[in-house]
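The exercises below work through one protein structure, each with a task sentence and a solution that goes step by step. Please look at the sequence and the model before reading the solutions.

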Amino acid sequence: MNATLLSVKPFLSEDFLLQTETARVLYHDFAREMPIIDYHCHLPPDQIAEDRRFANLSQIWLYGDHYKWRAMRTNGVSERYCTGEASDFEKFEKWAETVPYTMRNPLYHWTHLELQRYFNIDRVLNPASAKDIYDEATSLLQTPDYSVRNLLRRMNVEVVCTTDDPTDDLRFHQQLAKEGFEVKVLPTFRPDKAMLSIDDTNLFNEYVDKVEGLTGGSIATYDDYVAGLRKRHDFFASLGGRLSDHGLEQIYSVEYTESEIRTIFAKARSGQLPTFEERQKFKSAMLIEFALMDWEKGWTQQYHLGALRNNNTRLLRQLGPDTGWDSIGDFDQARPLATFLGMLDNENKLAKTILYNLNPAHNDVFATMIGNFNDGTLPGKIQWGSGWWFLDQKDGMEKQMNTLSNMGLLSRFLGMLTDSRSFLSYPRHEYFRRILCNLIGNDVENGELPADLEWLGQMVQNICYHNAKNYFQF
């Protein structure tokens, strides 16, 4: 039976997600053309430096994308077509078979936004259209306009902050700075391995040895170790770095003394595994040291909290980390956060801070926590970050912005970031901007906000761009 639907909006039209005339004006006249500051992502800097061109659509779209892999596995697709030995086109076929089943998942919107924005392909991806779409996009990827740097230019990206270990040599950042590439590509200091490796003495000592080799001095004591990491922090700063980042289940904030930490370091350096309590103290001390480094330089520290990682141990052994086996965790967040931030604030050494939560049950906790430590020294010093990972979808972003509006100042919000490994993820900023404009537009048309479009439009532009530019001093 053929059914005809009347008065139905076209899929992914220019007014996608914009339910009111006010929302449409705010998006099209104010938000749409704002540059992008991607202050947290996992883009590989080597591919930007070499201005890589991808051989086909699968390589730029499916490689390393555990969001898509999770959906494919859920749809009954064998691992052979996710991370296995199947050909690139066979993997794409399986993704195309899965896409229709992702309806109401953000992957469905992201997939078609990316096809439209990068390749001007407005057809729905499914098994029938897969071959034509693959061939068309792959053909475009062979042209100079689709090199990595031109993809960044195409999406009006102004700043990219990659995520880098303190022991990374940053040679690609150096190359890009020397060449004068107009998109700023800056390193972000992510020292988790420097502290979390204490759980395995072999890994810990390998890491300490690596820091020792890079800094040119012997690391025999805890003070030597902190000094070596500080040198690496200085090196990041010399290349324009101005953010750090941590990905933790929860903040470590156990009481300790300096003498205890020196003893624990010596114990681990000698090859003995410290006790669980000792390791918690060591991690707490290291978090404070890193926070002080950030404060001294006027950096921003970021904390991504609440992921329960590597749940499928069988497939973790087979495929390694970051392959799609993580979930939302249920951890105590409020008290450790308050203790940690309070320790720094008590000494007037609390750096600009962004907190991200993965468990939506903690939205109110995080929205109120930032208010505890905003001290009036600058607007929005302590930030609650945008919906992250499992929450960077329409419902998650709406809930985050609504809660922030109720308990803080949405107008001082830093807005969206990609947190992605893919060069095709930048339409997520458009997705966020449309959702933001729709929220405000609905309030105007419900009589909850005045219809002052210049005022509201400026606020939208601030959230989309200016707040981040000013906050990070890019």
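**Exercise 1. Describe how the protein is divided and how its two domains meet.**

Step 1. The protein is divided into domain 1, made of 21-52 + 154-472, and domain 2, made of 53-146, where the bounds come from an automatic or database domain assignment. This is a predicted model, in which local features need pLDDT of at least 70 and side-chain atom pairs count only at pLDDT 80 or more, whereas totals for chains, interfaces and linings use all residues. Residues are numbered from 1 along each chain as its sequence is written, and side-chain values use heavy atoms, with hydrogens and water left out.

Step 2. Taken over C-alpha atoms, the centres of domain 1 and domain 2 are separated by 28 Å. Across the boundary, 26 residues of domain 1 are in contact with 24 residues of domain 2, contact meaning heavy atoms within 4.5 Å.

Step 3. The size of an interface is often given as the accessible area lost when the parts come together. Domain 1 and domain 2 bury about 2400 Å² between them, with 56% of it on carbon and sulfur atoms; buried area is here the accessible area (1.4 Å probe) that two parts lose on being put together, summed over both. Of the area that domain 1 buries against domain 2, Arg-52, Arg-154 and Leu-424 supply 31%, more than any other three residues.

**Exercise 2. Work out which polar and charged pairs link the two domains, and what the domain 1 side is made of.**

Step 1. Between domain 1 and domain 2 the count is 1 salt bridge, defined as a side-chain nitrogen of Lys or Arg within 4 Å of a carboxyl oxygen of Asp or Glu. The side chains of Arg-117 and Glu-430 meet in a salt bridge, at 2.7 Å from N to O.

Step 2. The count of residue pairs in polar contact between domain 1 and domain 2, both at pLDDT 80 or more, is 10. A polar contact is a pair of N or O atoms within 3.5 Å; within protein, one must be able to donate a hydrogen and the other to accept it, and residues adjacent in sequence count only if both atoms are side-chain atoms.

Step 3. Helix 19 (residues 427-445) gives the most to the side of domain 1 that touches domain 2, with 5 residues; helices (H or I, at least four residues) and strands (E, at least two) are DSSP runs, numbered from the N terminus. By class, this side of domain 1 has 10 nonpolar, 6 polar and 10 charged residues.

**Exercise 3. Which residues does Arg-73 touch, not counting residues up to four places away in sequence?**

Step 1. Arg-73 is placed in helix 4 and is buried, with a relative accessible area of 16%, where buried means under 20% relative accessible area, exposed over 50%, and partly exposed in between (1.4 Å probe, protein chains only).

Step 2. Arg-73 touches Glu-79, Cys-82, Thr-83, Leu-319, Thr-323, Gly-324 and Trp-325, with residues up to four places away in sequence left out.

Step 3. With one of these, Glu-79, the side chain of Arg-73 forms a salt bridge at 2.8 Å, N to O, and Glu-79 also counts as buried, at 18% relative accessibility.

**Exercise 4. Compare two salt bridges that link distant parts of the chain.**

Step 1. A search of the whole structure finds 30 salt bridges. One of them joins Asp-199 and Arg-279, whose closest N and O atoms are 2.7 Å apart. Asp-199 lies in the loop between helix 10 (192-196) and helix 11 (201-215), and Arg-279 in helix 14 (residues 276-297), 80 residues apart. Asp-199 counts as partly exposed at 35% relative accessibility, whereas Arg-279 is buried at 15%.

Step 2. Arg-230 forms a salt bridge with Glu-296, the closest N and O atoms being 2.6 Å apart. This pair joins helix 12 (residues 222-238), which holds Arg-230, to helix 14, which holds Glu-296, the two residues being 66 residues apart. Arg-230 is partly exposed, with a relative accessible area of 25%, and Glu-296 counts as partly exposed at 47%.

**Exercise 5. Where does Trp-389 lie, and is it buried or exposed?**

Step 1. Most residues other than glycine have a negative phi. Trp-389, although not a glycine, has a positive phi of about 60°.

Step 2. Trp-389 is found in the loop between strand 9 (382-384) and helix 18 (394-407), and Trp-389 is buried, with a relative accessible area of 9%.

Key:
Ala, Val, Leu, Ile, Met, Phe, Trp, Tyr, Cys and Pro count as nonpolar, Asp, Glu, Lys and Arg as charged, and the others, Gly among them, as polar.
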